[in-house]
Amino acid sequence: MYRNHAGKPGIDPGNTSLFTTPDGVTFRRMPHGADAVYVVGEYRFDDIRPDEIVLDIGANVGAFCIRAARRSRHVLAVEPILTEALRENVARNGGGVDVVDGALGTGERVRIAWGERTLAVTTCTLEEFAAAAGGCDFLKCDCEGAEWFIRPQHLDGVRRIEMELHMPPIGGPVNRRLLDYIGEHYDFEIERTPGYDVKGVIGVLHAIRKGGR
């Protein structure tokens, strides 16, 4: 298994041809410096329901959102850097995903670096992205530390969370209020040994709202 610059599992991007994963998702093979992610082994999504609204923040080239669209009719993917390839891959795999250029934050304009690219991006809150999607039942979030900008009350309608958690040097300090909210309202575990080893990654949060829906 190839591991890209971010340490995340992927498929060796040695050329620019198309390729299809064993589960039938076709991607444009990205150049080495793009840090494209094609697999989602660390995330659990078998319980996505057909009528649920899925929000994928940090969609990269579509590994999660394309697979989520096989289960849900309502998927919104947010990506600041690899949006062009994301849109191509979504279309190539039958659509079903609305793609938004953007990043999670508090509304400020920030410079985001990924792979060999850096872009200035105006951020939006989770509440704003959820409003654009028409709600959020299932949240997948992999945004390199920006998850700590989420205000706890913005999770009020979210049934399921799959979220990579970071600590400095990736992103800012841990938001204890957010963790307290999750601890109070969700049954959860933090998988502290993800499928890759990167300094600054705490682990992957798997959470389901208590009582379900």
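# Salt bridges and cores

Visitor: How many salt bridges turn up in a search of the whole structure?
Guide: This is a predicted model, where local features need pLDDT of at least 70 and side-chain atom pairs count only at pLDDT 80 or more, while totals for chains, interfaces and linings use all residues. Residues are numbered from 1 along each chain as its sequence is written, and side-chain values use heavy atoms, leaving out hydrogens and water. A salt bridge here puts a side-chain nitrogen of Lys or Arg within 4 Å of a carboxyl oxygen of Asp or Glu. On that rule, the search finds eleven.

Visitor: Which residue does R28 meet in a salt bridge?
Guide: R28 sits in strand β4 (residues 26-28), and its partner is 60 residues apart in helix α2 (DSSP runs numbered from the N terminus: helices are H or I, at least four residues; strands are E, at least two). R92, also in helix α2 and four residues from that partner, bridges to it too at 3.9 Å, N to O. For R28 the N to O distance is 3.0 Å, and the partner is E88.

Visitor: Are R160 and E162 buried or exposed?
Guide: Their closest N and O atoms are 3.0 Å apart in a salt bridge, and both belong to a network with D47, E52 and R159. Buried means under 20% relative accessible area, exposed over 50%, partly exposed in between (1.4 Å probe, protein chains only). R160 and E162 are both buried.

Visitor: Which element supplies the largest share of the largest nonpolar core?
Guide: A nonpolar core joins buried Ala, Val, Leu, Ile, Met, Phe, Trp, Tyr and Cys residues through side-chain atoms within 4.5 Å. This one has 34 residues, with F27, M30, V61, F64 and C65 touching the most other members. The largest share, five residues, comes from α1.
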